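Colleague: Please take one part of this model and look at it closely. I would like to know how two helices pack there, and what comes next along the chain.

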Amino acid sequence: MTNSVLPPLDDARDGVGRLRHELAVDKKSVRAAFARAATRYDAAAVLQREIADRLLARLDYMRIVPQRILDLGCGTGYAVGLLRKRYPAAQLVGLDIALAMTATARARTLPRLPFGLGRHLSRSRFVNADAEALPLADRSFDLIFSNLALQWCDPDAVLRECRRVLRPGGLLLFTTFGPDTLKELRAAWRVVDRDPHVHAFIDMHDLGDALVRARFADPVMDVEPLTLTYADVPGVLRDLKAIGAHNAAAARNATLTGKAHFARFVQAYEVFRRTDGRIPASYETVYGHAWAPQAEPASPADGTAVISLSQLRRRRG
C-alpha cells in the first residue's frame, strides 16, 4: 500500500508550529483564574455543561467498557458524576490544574458519610496537576474524557501524555474550542488596538494532525457552532470572568485597560447586536476522539510519522 509521509515534529510548516507563539499561555495565570472561579463556576457554566452532555452522549456509540477513567480538566466535577452513573463499576480520576477546582469536585462527588469514610468508599479520586505533565502511570487508563480543557494547554504535549497513559485500545474523547470562538469579542478589540485581548484557539485540522503526531489511531474530528446571547456587552465579560476564561496569552498586555479604551471596545461590539436586540458570543465547538492502537506503530529513523493514504482520507473526509 502506498504511504504518505507527514513532516517531522519540529517542521515549522505544521499548523501547531505556526501558532505556537500565539497559543502560548501563562500557566500561572490560568491556574489562578480557575482557582478564583471555582465557587461561582457552576452558576455561569451553562455552555460548558451543555457541551459536556453532548460529548458524553457520543459514548453511546463507542464499544468500550472502561475499568479506569480519567476526566482531564475535571473542573468542579460535573462530568465525573455523569461518568460515574454511566460506568458505576469503573474507577474515576478527576484531574485539574486548579486546586480549588479539584477541592470543589471532591466535595461535590464524594458520599457524605461521617469520619471521612466517603473518601475511602468512593471509587473517585482527584488530582491537582498540569495536563502537560501527568503524574500518572503509563498505560493506566481505558478512557480519557476531556471537556473544554485542551485550549488552555500545548496540545502536542497533552496529547503525548494522553497517549502515554492510555492502555492499548483505550479511547481519548475530548472537546475544545476552534478559532471562530468569541469572534465578535476579538473583532471588537481589533477596532481598538492589536494587542491579544482574546485567547487563541487552534484549528480542528491542526488538532487532527497533532493526534497523528502523538500516534493515535483512527482520529475523528468535527465541529459544531453554538451561540450564547446577552442583554449587553458587560454580560458577556461577566460570564467569561465567572468561569475563569480570561485572556491567558503569554504575550498579552498586562496593563489595565483605560475607560476610554474600554468604551471604544463596547461601541465596536455593539455592531454585532442582533435584530432581536441581543448581543451574541459565538463558540466553535470542536469534538474529537481517537484510539490508542493495540500495537505500537513502527517509528521511522528520521523522526517522521507514516500513515496510509486510506487513513489520511478518513481524517480529511
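Modeller: Here is the helix pair, followed by the stretch after it. The model is predicted, so local features need pLDDT of at least 70, side-chain atom pairs count only at pLDDT 80 or more, and totals for chains, interfaces and linings use all residues. Residues are numbered from 1 along each chain as its sequence is written, and side-chain values use heavy atoms, without hydrogens or water.

Start with helix α8, residues 155–165, and helix α10, residues 204–213. Helices are DSSP runs of H or I with at least four residues, strands are runs of E with at least two, and both are numbered from the N terminus. The axes of α8 and α10 lie 9 Å apart, at an angle of about 40°. An axis is a line fitted to C-alpha atoms over the stretch in contact, and angles run from 0 to 180 degrees between N-to-C directions. The two helices are therefore oblique to each other (not under 35 degrees, not over 145, and not 65 to 115).

Which residues of α8 and α10 meet? Pro155, Asp156 and Leu159 in α8 touch Leu207, Ala210, Leu211 and Arg213 in α10. Contact means heavy atoms within 4.5 Å.

Now move on to the loop between α10 and β7 (217–230), where Arg215 sits. Most residues other than glycine have a negative phi. Arg215 has a positive phi of about 65°. Arg215 is partly exposed, at 22% relative accessible area (buried is under 20%, exposed over 50%, partly exposed in between, with a 1.4 Å probe and protein chains only). Asp218 lies in strand β7. Its phi is also positive, near 50°. Asp218 is partly exposed too, at 37%.
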